[in-house]
Structures are given as structure tokens and as C-alpha cells.
Amino acid sequence: MASRTDKSLLSAELEDEGDEFGQLLLRATHKIQNTMPSVPASKPIQPQPGFCIKTHTGSQEKVFVNICRSMHIPPPPDLSRQELECLIESDSASSFRIPMSLGEPHAELDNSGNGCTTYDVVINSGFFAKLEADPFFKEFFITVALEGLADKYNMDINHPEWRMLKNRKFMGSVSEQTIRTKSSPVIQEMDVSSPVVPKFTILAEPAGRPPEFLLAEIHLPKVGSALELSLELGQDRVVLRGGPDPYVLDIYIPHDIVPECSHARFHRGMRVLTVKMPVQSQLGPL
């Protein structure tokens, strides 16, 4: 007879190479990957305009920077304002990377009809929304973007004197960009040849009788944000992918759940994804 304190419905320690289920999962994953078409080294994207800033070079030449957005650019780690402030004050500030695509310079005409140089910088759409909501994040990002342009194109940009244009979202036109889909300093491709199966536990609540819901806890020690993860729930299936390794988890469960009523939450401190899944039989007819 099961103990009352034994709430475990399914549990796995799949890091051991000798685990039969882990080996089967890895072999199946490799078979799927071998039948997938090769990913091109780059692809074109059409950024959406965001806002425009004006600055100068050391020789007082006007420079405009169009800050654009696209879902094809990965987001940076999801830090709170307090976490970012602590990071900036620490010795590890240079370790914080903001994925962005720095476009080639293009000649435009300013409002006076004079020639000027314009650059397009593309960032993740979700991260762009965060900049719009918090001036501190926006100022920090603009400083990083200008430093990136200065390094890439070997020019002296007068960082402290930049200002944002109030009545226009971009200078000139926003051109299509080609971004790399394979490993590079800006756009990084996950290495899907060696998936890691994370540790997980699925608990049935309440214990000792037909469950009302299932609670899955998936340990993801190398994931910094829920934005790195892709979670799919079927009627009797949980599929999770994502992270830098990446993590791959595909399990079947012996109960019918209701995906549209399920909820997931990622705890950044513990690096644990919790998924609460109601059991269909306990909800009655839908």
C-alpha cells in the first residue's frame, strides 16, 4: 500500500547514461534531427521601426540610429531593474550580453536636407517593450548599442550627447537585414546535437485518491529566463525544449489533462519550471 507521504506519480533522474528511458529518448531525438533539413547560415528579416536617436561623431558629424524590433532576434536574460543595477555596479557588467543586429551604415537626408549617416539596430520585440516601459533599461541599452556601433565600425561616437527624436520613429527608411542563424557573437544557434534531459518530478494532488491536478517540477539549472523555453502540453503529453544546452523533455502521463487550463511558472532563483495541470476527469464535462 502506498504511503500517504509518497505523492510521486512519475519521477526520473535521467542524467545517468545507463537510464533506459533516457537512452531511448536521446536515440529518438537523434533520428528526428537526422531527418530534418539543414538550417541555412543566414536569413533575411524585415525589422519594425521603434524609435530614433541622434548623436555626433568626434568630428561633429551627425549620426542617427534607428532602434528597431523583430521577433527573430533572441531576447537577453530577463533581469529586474534591481538586478541590472547590481550588475552594473559589480565587476561582471561586461558579461551581460544584449543580442542585437547592427546594420550597415546608409546615407540619408535630415530635416534640413543635409546628408547624414544612419544605422539600424535591431533587438527582440519583447525586450523593446521592456525598454519602452522603463527609462533606466532604455538608457542602459542605448549606451550598449552605441558602444557596439563604435566598436564594429571603428568610429568615435559622442555617447553622452545623444538625444531621442520626439516626432519620428526612424530616419530615412528601415531596410531588410540578413541575420545569421548559426553561431556568431550576436545570433547564437542552439547546439541540438547533444540534448540534455533535465531532472523532473510529477506529483499527483491530492495523494491517495484520484488526483485533481498534476504538478510537474522540472529542474533547469542553466536556464536564466522563461523566455528561453518552449513548453507544449497535450492531453496526455508534456514537451519542453530550450536553454543553452539545450534541454529536451518529452514525456507521456497516465491522466488526461486540460492544457488550456494549465499554468506554468519559472522560478529564476531556483531555476525550476513548475507546471500545474488540472486532470480532466475532475473538472467534469467541458
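## A hairpin, a helix and lone cysteines

Biologist: How many residues sit between β12 and β13 in their hairpin?

Modeller: Strand β12 covers residues 229–233 and strand β13 covers residues 237–242; strands (E, at least two residues) and helices (H or I, at least four) are DSSP runs, numbered from the N terminus. The strands run antiparallel and are joined by five bridges, where pairing takes at least two DSSP bridges between two strands. Between β12 and β13, the hairpin has a residue count of three.

Biologist: What do the side-chain values of this model leave out?

Modeller: This is a predicted model, where local features need pLDDT of at least 70, side-chain atom pairs count only at pLDDT 80 or more, and totals for chains, interfaces and linings use all residues. Residues are numbered from 1 along each chain as its sequence is written, and side-chain values use heavy atoms, leaving out hydrogens and water.

Biologist: OK, zoom out. What share of the protein's residues is buried?

Modeller: The protein has four helices and 16 strands. Buried means under 20% relative accessible area, exposed over 50% and partly exposed in between, using a 1.4 Å probe and protein chains only. Out of 286 residues, the buried share is 39%.

Biologist: Back to the hairpin strands. Which strands are the edges of their sheet?

Modeller: This is an open sheet of three strands with antiparallel pairing, in the order β12-β13-β14. Each edge strand pairs on one side only, and those strands are β12 and β14.

Biologist: And by what angle are neighbouring strands of this sheet turned against each other on average?

Modeller: Axes are lines fitted to C-alpha atoms (for helices, over the stretch in contact), with angles from 0 to 180 degrees between N-to-C directions. For this sheet, direction is ignored. The average turn between its neighbouring strands is 5°.

Biologist: Which residue is the bridge partner of L240 in β14?

Modeller: β13 pairs with β14 (residues 247–252) over six bridges, in the antiparallel sense. Along this pairing, V238 has I251 as its partner, and R241 stands opposite V248. L240 also partners L231 from β12, while its partner in β14 is L249.

Biologist: Which residue takes a positive phi in the hairpin of β13 and β14?

Modeller: That hairpin has four residues between its strands. The positive phi is near 90°, and the residue that takes it is G243.

Biologist: How many residues of β14 are buried?

Modeller: β14 is an edge strand, pairing on one side only. Even so, β14 is largely enclosed by the rest of the structure, because its buried residues number five of the six.

Biologist: Now α4. How far does this helix reach from its first C-alpha to its last?

Modeller: α4 spans residues 135–153, 19 in total. The expected span of a helix is 1.5 Å times one less than its number of residues, which gives 27 Å here. The model comes close, with a reach of 27 Å.

Biologist: Which residue caps the N-terminal end of α4?

Modeller: A side-chain oxygen of the capping residue lies 2.9 Å from the backbone nitrogen of F136. Just after the helix, N154 takes a positive phi of about 50°. The N-terminal cap is D134.

Biologist: Which residues does F140 touch, not counting those up to four places away in sequence?

Modeller: F140 is in α4 and counts as buried because its relative accessibility is 19%. Contact means heavy atoms within 4.5 Å. Although F140 and L84 are 56 residues apart along the chain, their C-alpha atoms are separated by 9.3 Å. The residues F140 touches are L84, I88, F96 and I98.

Biologist: With which side chain does the side chain of H106 make a polar contact?

Modeller: H106 belongs to strand β6 (residues 106–109) and is buried at 16% relative accessibility. A polar contact is a pair of N or O atoms within 3.5 Å; within protein, one must be able to donate a hydrogen and the other to accept it, and residues adjacent in sequence count only if both atoms are side-chain atoms. Beyond its neighbours within four places, H106 is in contact with residues including C116. Its polar partner, at 2.8 Å, is the side chain of E108.

Biologist: How many disulfides does the structure hold?

Modeller: A disulfide needs a pair of cysteine sulfur atoms within 2.5 Å. For C116, which is buried at 6% relative accessible area, the nearest cysteine sulfur is that of C52, 8.6 Å away. The disulfide count is zero.
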